[in-house]
Amino acid sequence: MEKSLEASELIKKRTLIGDIADVVPAMIAIYDIPSGKYLYVNKAVNKILGYRPSDFTDKGVAYVSSLLHPDDVQQILAKNQEALDKANTAVSQVGRNPVVNFEYRIKHKRGTWVWLHTDGIVYKRDKEGKVSHVLNVSIDITQRKEAEDRLRDVMDELLAFSDSKDEFVAIASHQLRTPATAVKQYLGLLLEGYVEPLTNDQENFLRLAYENNERQLHIVDDLLKVTQLDLDKMKLNYKKTDLVGLIGESIESLGNVFKKKRQVVEFKPSSKQIIVRVDPIQIKAVVENILENASNYSHLGKKIYVKVKKVRNEEGGICVSIKDEGVGISDKDFPRLFKKFSRIRNELSDSVSGSGLGLYFCLKIIELHGGYLRVRSAAGEGSEFSINLPKKLTAK
Amino acid sequence: MAKVLIIEDEKHLNDAYQIVLKKAGYTIVAAYDGKEALDVYEKDRPDLILLDLRMPNVSGLTFLKTLNSRHKKLKAKIVVFSNYDDQKEIDEAFKLGADRYILKAWSSPTELIKIVKETLKTKK
């Protein structure tokens with residue numbers, strides 16, 4: 001009685017598991033490696049690939065391999081073999097029982113291609129401990145693959161569109177230079193005394209016109225720099241540069257700017273020379289941009305503190321810090337600080353002419369060098385910008 | 001006084017440069033495209049050429065190439081300018097015999113005269 005009870009329990013269990021296996025929307029297949037025969041294939045093979053389980057169990061693994069897409073078959077078989085070799089030779093528990101996954105195309109009974117994702121695991125080992133049976137669980141990922149393709153196409157289109165927008169801006173910017181150059185020449189002729197003496201008013205008005213035209217030209221320059229960056233056309237020319245010297249030169253070249261506002265720059269480098277491999281022209285432009293901001297956004301007579309030092313922790317590298325006693329940046333303006341065309345409004349912003357591209361440009365250049373920019377600031381409390389250059393740029 | 005040939009396809013700019021250099025005392029000849037410029041060069045043999053690189057039909061570089069093919073040794077000094085900072089173009093221009101490059105948008109009349117004066121002084 002007990003035996004038959006056990007047996008009937010077993011039969012019920014088997015039937016239950018068999019029922020579950022046949023309803024599961026994933027293909028389950030167990031095959032024997034030496035013979036290449038399938039021990040078991042569940043009914044999902046019909047729903048997913050249109051074959052009957054007997055099509056597989058009668059014809060074996062070789063037949064199924066022949067159904068694989070020609071572009072995928074090589075790497076699938078290679079990956080499979082690699083996994084088997086690892087499972088047979090690995091020493092660790094984890095190494096001996098890997099879960100290997102594959103994504104590939106296989107032919108549906110009606111001839112179309114179906115994308116499958118298959119997980120393979122070790123099912124049984126022989127007396128010598130070598131893998132004898134493998135269990136594969138496969139699901140249909142055709143829809144997911146098609147969605148991925150569509151997404152990739154949209155992304156490509158967007159990138160192409162973005163590139164064409166940048167190229168358009170570059171073309172328009174170059175063309176804007178032409179009339180602005182003509183204006184510069186004619187106003188220059190009047191202002192530089194090539195025509196006839198000017199009255200005070202005439203000179204003042206013409207000078208204002210000339211300066212605003214120069215502003216236009218600067219904006220065009222900024223636009224071109226930025227489109228170059230965005231189009232990844234910016235090529236850095238790395239040269240061995242003395243960073244201390246470069247910063248000193250930047251401060252000097254802005255001498256008139258600081259003088260006009262009676263501002264004093266205090267430069268304290270940690271050593272006389274700090275050699276780095278950077279693009280000196282671009283780094284100089286970044287330093288000058290931040291220095292100019294420090295001056296523009298500080299009142300008359302304020303001080304600007306510039307420091308440069310080697311960073312002595314694990315991260316290493318160089319840190320250049322430019323600190324001002326200016327109007328500072330309020331919390332609400334922080335998110336827009338490094339964005340293109342963002343001009344922050346504060347008590348001094350009306351007197352500053354700018355395209356709003358400066359900090360975006362600075363950020364991109366430093367990032368291209370592998371470094372990063374940090375800002376510490378609060379409204380009314382001045383700002384500190386730190387340029388961090390990575391350790392690898394200090395290597396000989 | 002030295003003779004300067006101005007090759008620039010934008011009429012307003014060409015006229016402005018003519019006024020600037022005339023005021024500085026130079027003799028001026030002008031051309032508005034590369035083809036015309038080749039004829040003017042042969043006729044007038046200037047001491048210095050102000051050459052716009054981007055021109056329709058015959059570009060500045062083509063003008064230089066043709067000039068080089070016709071004359072083994074170019075006596076005229078050449079200042080090339082454009083509003084495009086195309087490094088490839090600039091390098092090619094120097095290879096073809098340009099002595100100096102300036103960006104049009106950054107040169108005021110006084111700066112232009114300074115550059116012409118300096119370039120005329122240099123040895124070819």
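This tour moves from the interface between two chains to the nonpolar cores of chain A and ends at one threonine of chain B.

The model is predicted, and local features need pLDDT of at least 70, side-chain atom pairs count only at pLDDT 80 or more, and totals for chains, interfaces and linings use all residues. Residues are numbered from 1 along each chain as its sequence is written, chains are lettered from A in the order in which they are written, and side-chain values use heavy atoms, with hydrogens and water left out.

**The interface**

Select chains A and B together, and then the residues in contact (heavy atoms within 4.5 Å): 21 residues come from chain B and 17 residues from chain A. The buried area, which is the accessible area (1.4 Å probe) that two parts lose on being put together, summed over both, is about 1,700 Å², and carbon and sulfur atoms give 59% of this area. Next pick B:N83, B:A105 and B:P109, which supply 27% of the area that chain B buries against chain A, more than any other three residues.

A search for salt bridges (a side-chain nitrogen of Lys or Arg within 4 Å of a carboxyl oxygen of Asp or Glu) finds zero across this interface. Polar contacts (N or O atoms within 3.5 Å; within protein, one must be able to donate a hydrogen and the other to accept it, and residues adjacent in sequence count only if both atoms are side-chain atoms) join 11 residue pairs between chain B and chain A, with both residues at pLDDT 80 or more.

**The cores of chain A**

Move to the largest nonpolar core, a set of buried Ala, Val, Leu, Ile, Met, Phe, Trp, Tyr and Cys residues joined through side-chain atoms within 4.5 Å, where buried means under 20% relative accessible area (1.4 Å probe, protein chains only). Of its 41 residues, A:L243, A:I283, A:L291, A:I387 and A:L389 touch the most other members. Centre on A:I387, whose contacts, leaving aside neighbours within four places in sequence, include A:V286, A:I318, A:I366 and A:Y372. A second, separate core has 28 residues, among them A:M27, A:L68, A:L84 and A:F102.

**B:T119**

Finally, select B:T119, in helix α5 of chain B, where helices are DSSP runs (H or I, at least four residues) numbered from the N terminus. B:T119 is buried, with a relative accessible area of 3%, and a polar atom of its side chain lies 2.6 Å from the backbone oxygen of B:I115. Leaving aside neighbours within four places in sequence, B:T119 is in contact with B:L48, B:K77, B:V79, B:D99 and B:R100.

How values were computed. Buried < 20%, exposed > 50% of the residue type's maximum accessible area, 1.4 Å probe, protein only. Helix = DSSP H or I, 4+ residues; strand = E, 2+ residues; numbered from the N terminus.
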